[in-house]
Amino acid sequence: MSIDLPSPAAPFKIGTRGSPLALAQAHETRSRLMTAFDLPQTAFVITVIKVKGDQILDKPLREIDGKGLFTREIEEALLDGGIDIAVHSTKDMPVAQPEGLIMQTFLPREDVRDAFVSLKYKGLVQMPTGAIVGTSSTRRRAQLAARFPHLQVVEFRGNVQTRLKKLADGVADATFLAIAGLRRLGMDDVPYSPISADEMLPAIAQGAIGIERREGDERARTMLDAIHDQDTGHCLSAERALLAGLDGSCETPIGGLAELDGATLRLRGEILRHDGSKVLTAMAQGPIASGAAMGRDMAVELLAKAGPDFFDHPAG
């Protein structure tokens, strides 16, 4: 299909949050589009949009009402035509897009693992009773409570740089960051240790950049098709189907990871009570094309094991 490519006179507008990591992801998207269509950087404009989750930093995420804390304002700009596409950390994305929007494009996935970051300790097993871990993630909080109940957990909000400063200031002895974020920011000097996915199953879609567009926008569809990574798309189809079946959000303690081995897709899932008092896991594998069905079936399996009110137990 022939499309009118963007130009410096009529640039393609890329919407994003304003954090250094969000901007790095928008820049990667722009670079891939420039290469795919042999366009200059001036054919694109990166538009920073403030979102609710970035403006309220004095409360835990679970106390801020509503889903889409890191996406809603960007999606409104997309629907209004103020931007042409929106670049997201897919793990922040609700499964259901607003009517009129679609997310079918994913860039090649980075390392999915969590990073243990500390100026004092090499890993979680070295931390003594009462040591303090800072995190804003309910998944990580629940996983800690389940596997390392002797540790204290405090709320740790903010972007990567803010959290590292809090660590240096002694607010906590350790924290977690996504390895993908550290790599995209080029922060090789941060003292971290990778945590195996067998020890701490990552968040659904961790390490994946997702790009949202308007339905019916054929120019955006054609451009994004050129940079879509199929392997990442297959894995996220399974993971996000699991998340949808669990009716989860970024504030529900859920872990999930799909991995490809040739023509086979392996999916692991985990749900936890907020206080870590119970952990339920599941695993399935099958043909790549059945990934979404595997995710839906796994959600049914985990919910059947959990029974009613599983997620209602508050963190201690």
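In which helix is Arg184 found? In this predicted model, Arg184 belongs to helix 6, which spans residues 179–184. The relative accessibility of Arg184 is 16%, and because buried means under 20%, this residue counts as buried. Apart from neighbours within four places in sequence, the contacts of Arg184 are Leu21, Ala24, Gln25, Glu28, Pro108, Glu110, Gly207 and Ile209.

Two sheets are described next. Strands of a sheet pair through backbone hydrogen bonds, in either a parallel or an antiparallel manner. An open sheet of 5 strands has the order 7-6-8-5-9, with mixed pairing. Its edges are occupied by strand 7 (152–154) and strand 9 (192–195); each has a single partner strand, so one side of each is left without a neighbour in the sheet. On average, neighbouring strands of this sheet are turned by 30 degrees against each other, direction ignored. Strand 5 (residues 114–118) and strand 9 run antiparallel and are joined by 4 bridges. Within this pair, Phe116 stands opposite Ser193 of strand 9.

Two helices are associated with these strands. Helix 5 (residues 160–168) packs on the sheet, where it touches strand 5 and strand 8, and its direction makes about 165 degrees with that of strand 8. Helix 4 (residues 138–147) lies across strand 5, strand 6 (132–134), strand 7 and strand 8 (174–178), and runs at about 130 degrees to strand 8.

A further open sheet consists of 3 strands in the order 11-12-13, with antiparallel pairing. Strand 11 (254–261) and strand 13 (279–287) are the edge strands, each pairing on one side only. From one strand to the next, the twist averages 10 degrees. The antiparallel strands 11 and 12, the latter comprising residues 264–272, are joined by 8 bridges. Leu260 stands opposite Leu265 in strand 12. Helix 8 (residues 230–245) packs on this sheet and touches strand 11 and strand 12, its direction making about 150 degrees with that of strand 11. Helix 9 (residues 291–306) also packs on the sheet; it touches strand 12 and strand 13, and its direction makes about 155 degrees with that of strand 13.

The interior space was also examined. The count comes to 1 cavity of 30 Å³ or more, and the largest cavity holds about 30 Å³ of space. Its lining is formed by Gln104, Thr105, Arg213, Arg221 and Asp225. Strand 4 (101–106) and helix 7 (218–225) are the elements that give two or more residues to this lining. By residue class, the lining of the largest cavity comprises no nonpolar, 2 polar and 3 charged residues.

How values were computed. Residues are numbered from 1 along each chain as its sequence is written. This is a predicted model: local features need pLDDT of at least 70, side-chain atom pairs count only at pLDDT 80 or more; totals for chains, interfaces and linings use all residues. Side-chain values use heavy atoms; hydrogens and water are left out. On a 1 Å grid over the protein atoms alone, a cavity is a set of points where a 1.4 Å probe fits but cannot get out, and a pocket is an open set with protein on both sides within 12 Å along at least five of seven lines; lining residues have an atom within 4 Å of a point. Grid points are joined across faces, edges and corners, and a volume is the space filled by probe spheres set on the points. Ala, Val, Leu, Ile, Met, Phe, Trp, Tyr, Cys and Pro count as nonpolar, Asp, Glu, Lys and Arg as charged, and the others, Gly among them, as polar. Two strands pair if DSSP finds at least two bridges between them. Axes are lines fitted to C-alpha atoms, for helices over the stretch in contact, and angles run from 0 to 180 degrees between N-to-C directions. Contact means heavy atoms within 4.5 Å. Buried means under 20% relative accessible area, exposed over 50%, partly exposed in between (1.4 Å probe, protein chains only).
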